[in-house]
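Dear colleague,

Please find below the structure for your consideration. A summary of what was found in it follows.

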Amino acid sequence: MIEKIRSILKNIISSFQEAAQVFLDDKSVTLFDLHHSDDEQRFNVIGLSSRGLLFVVFVEKIDDMVKIISARKALKKERGLYEEKNFS
């Protein structure tokens, strides 16, 4: 059971590290998150990882620091926004 938990955590950490690569994508799209910005400034960053996977990273800006809240692979709508900005 412990090995299974370790394997799951390793996959989560690897995915998270890959998703954080969106900040290195010169063509990334940053959108202000109006629905979740009542108490703090939140943004959604859509960008490619080094393997070419498109991710959305949800971040909170605190002074000069950016805190990653969560990340996931981009949905069809988010892929459309990325492609519209970069390829139209």
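**A nonpolar patch and the overall fold**

Met1, Ile2 and Ile5 together form a nonpolar patch of about 360 Å² on the surface. Please note that the model is a predicted one. Of the residues in this patch, Ile5 belongs to helix α1, which covers residues 2–19. Ile5 has a relative accessible area of 41% and is therefore classed as partly exposed, since that class lies between the limits of 20% for buried and 50% for exposed.

As to the fold, the protein contains two helices and four strands, and their order along the sequence is α-β-β-β-β-α. The C-alpha atoms occupy a box of roughly 45 × 35 × 20 Å along the principal axes. Among contacts with a separation of 6 or more, 34% are between residues 24 or more positions apart.

The loop between β1 (29–32) and β2 (41–48) holds Asp39. Asp39 counts as exposed because its relative accessibility is 73%, and the cut-off for that class is over 50%. Between the C-alpha atoms of Asp39 and Ser49 the separation is 30 Å, with the two residues 10 apart along the chain.

Turning to the protein as a whole, 28% of its 88 residues are buried. Its accessible surface amounts to about 6,700 Å², and carbon and sulfur atoms contribute 56% of that area. Finally, the protein carries 14 positive and 14 negative charges, whose mean positions lie 9 Å apart.

Yours sincerely

Methods:
Residues are numbered from 1 along each chain as its sequence is written. This is a predicted model: local features need pLDDT of at least 70, side-chain atom pairs count only at pLDDT 80 or more; totals for chains, interfaces and linings use all residues. Side-chain values use heavy atoms; hydrogens and water are left out. Patches are made of residues with over 30% relative accessible area and no salt bridge: like charges are joined within 9 Å, nonpolar side chains (Val, Leu, Ile, Met, Phe, Trp, Tyr) within 5 Å. Accessible areas come from the Shrake-Rupley method with a 1.4 Å probe; for residues, only the protein chains shown count as cover. A salt bridge is a side-chain nitrogen of Lys or Arg within 4 Å of a carboxyl oxygen of Asp or Glu. Buried means under 20% relative accessible area, exposed over 50%, partly exposed in between (1.4 Å probe, protein chains only). Contact means heavy atoms within 4.5 Å. Lys and Arg count as positive and Asp and Glu as negative; His and the chain ends are not counted. The place of a charge is taken as NZ of Lys, CZ of Arg, CG of Asp or CD of Glu.
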